[in-house]
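Here are some short exercises to work through with the model open beside you. Try each task yourself before reading the solution.

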Amino acid sequence: MLLLGKIGIGAVGTLLIGAAIVSSDGFIHIKVNEKRTNGTHLSLIVPAMIAPVAVRFVPDKDLAQASARVRQYLPVIDAAISGLRDCPDVTLVDVTDGESHVTVVKAGDSIVVDANDPQETVHVAVPLGAAQSTIDEIAAANGPI
Amino acid sequence: MRKILVTLAALSMSSAILAATPERYLHVRVDSANANERVRVNIPLSLAEKVIPAIHARQLNNGMVQIGSFQANDVDLPAILNAVKSAPDGVFVTVQKPGTDVRVAKEHGQLIVHVMDRKDDTRVDVTIPWSVAEALTSQTNAHQLNVEAALEALDRAGDVTLVTARDSHSQQTVRVWVDSHNTAD
């Protein structure tokens, strides 16, 4: 019994540590709701650390074009993400055009984009750290930077 | 021992004061009454100061904007700034082109620019702290504006409305200003 208890504690402890590691980078939230009848309703919550890992499984030749484009903007992207991480929470952009409304908000360590128009609502929240790691992985697809 | 404690206390207070310096924001507000459009942009100046030097595009490189082909009704911006700099306060340097009046003056430590486009019935008023205007033309050649230096100077300047513009045809108003609030409303 004691042995089983120890094994159980070990297993639970391992799971908890694993969960802590996986969630340490935060979560990517994606929600899409189509307003038409029987429209798509999608809600996705993914540990952010999966994104850069997933990019590694994409063949380099399929990422070559994206990698080349990202590399030329990498200094700006790095500066922007670094600046965003250091600045307080703020609504960066808020645009209303007729019946469409889009906001881009820096909240905590994430960038949150919300779009609402007569057809659908979209909510995307991406941790800045995950965005940086994913972009770095894409940029590295063409070889070391 | 007492001197060490006093020194440490002073250093701690200085750090706290520096850390508590509020972020300053560049705000842009665009309202278009007849098109039901509304734009609000709030950019932390610290973010802009990091991003601008990193941009290497056609006309913006290392914080410098190339204005060699800057048209704006053939207005030579560096020449105007030099003329205003040497003119007394309150005296306008006026540039008149067909359909467009540009009046520039230095007043109360600020550079003031009024642009009236009679053809489009558009009016633009620009007020820039003189320190920012000087930073724009610092360490540049005749065809450059130093945006990076201007941003740093803007961060040190007080709250100020930089641009107000009104287009009567589209009933669109634009306001650009800097303050310590993180909203544009």
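**Exercise 1. Strands across the two chains.** Find how strand β3 of chain A and β2(B) pair, and over how many bridges.

*Solution.* Start with the sense: β3 (residues 90-97) of chain A and β2(B) are antiparallel partners, joined over 5 bridges. Strands count as paired if DSSP finds at least two bridges between them. Helices (H or I, at least four residues) and strands (E, at least two) are DSSP runs numbered from the N terminus. Next, pick one bridge: Asp94(A) has Arg40(B) as its partner in β2(B).

A word on the ground rules: this is a predicted model, in which local features need pLDDT of at least 70 and side-chain atom pairs count only at pLDDT 80 or more, while totals for chains, interfaces and linings use all residues. Residues are numbered from 1 along each chain as its sequence is written, with chains lettered from A and ligands numbered from 1 in the order in which they are written.

**Exercise 2. The side of chain B that touches chain A.** Work out which element gives the most residues to this side.

*Solution.* First the totals: 18 residues of chain B are in contact with 19 residues of chain A, where contact puts C-beta atoms, placed from the backbone, within 7 Å. Then the elements: β2 (37-44) and α2 (45-51) of chain B each supply at least two residues of this side. The top contributor is β2(B), with 8 residues. Finally, sort the side of chain B by class: 8 residues are nonpolar, 5 polar and 5 charged. Here Ala, Val, Leu, Ile, Met, Phe, Trp, Tyr, Cys and Pro are nonpolar, Asp, Glu, Lys and Arg are charged, and the others, Gly among them, are polar.

**Exercise 3. Following β2(B) into its own chain.** Trace the pairing from β2(B) to β1(B), and from β1(B) to β11(B).

*Solution.* Step one: β1 (residues 25-32) of chain B pairs with β2(B) over 8 bridges, antiparallel. The two form a hairpin with 4 residues between them, and Asn36(B) in the turn has a positive phi of about 50 degrees. Step two: β1(B) also pairs with β11 (residues 172-179) of chain B, again antiparallel and over 8 bridges. Asp31(B) lets you check both pairings: it stands opposite Arg38(B) in β2(B), and its bridge partner in β11(B) is Thr173(B).

**Exercise 4. Two helices of chain A.** Are α3(A) and α4(A) roughly parallel or roughly antiparallel?

*Solution.* Look at the axes (lines fitted to C-alpha atoms over the stretch in contact, with angles from 0 to 180 degrees between N-to-C directions). Those of α3 (residues 60-86) and α4 (residues 128-139) of chain A come within 8 Å and cross at roughly 150 degrees. That makes the helices α3(A) and α4(A) roughly antiparallel, since angles over 145 degrees count as such, those under 35 as roughly parallel, 65 to 115 as roughly perpendicular and the rest as oblique. By class, their contact has 12 nonpolar, 2 polar and 2 charged residues.

**Exercise 5. One residue of α4(A).** Is Ile138(A) buried or partly exposed?

*Solution.* Locate Ile138(A) in helix α4 of chain A, then count: 19 other C-beta atoms lie within 10 Å, so Ile138(A) is partly exposed. The cut-offs are 20 or more for buried, 12 or fewer for exposed, and in between for partly exposed, with C-beta atoms placed from the backbone. Now list its contacts beyond four places in sequence: Val55(A), Leu63(A), Ala66(A), Ser67(A) and Val70(A). Of these, Val70(A) is 68 residues from Ile138(A) in sequence, yet 7.4 Å away, C-alpha to C-alpha.

Methods. Contact = placed C-beta atoms within 7 Å.
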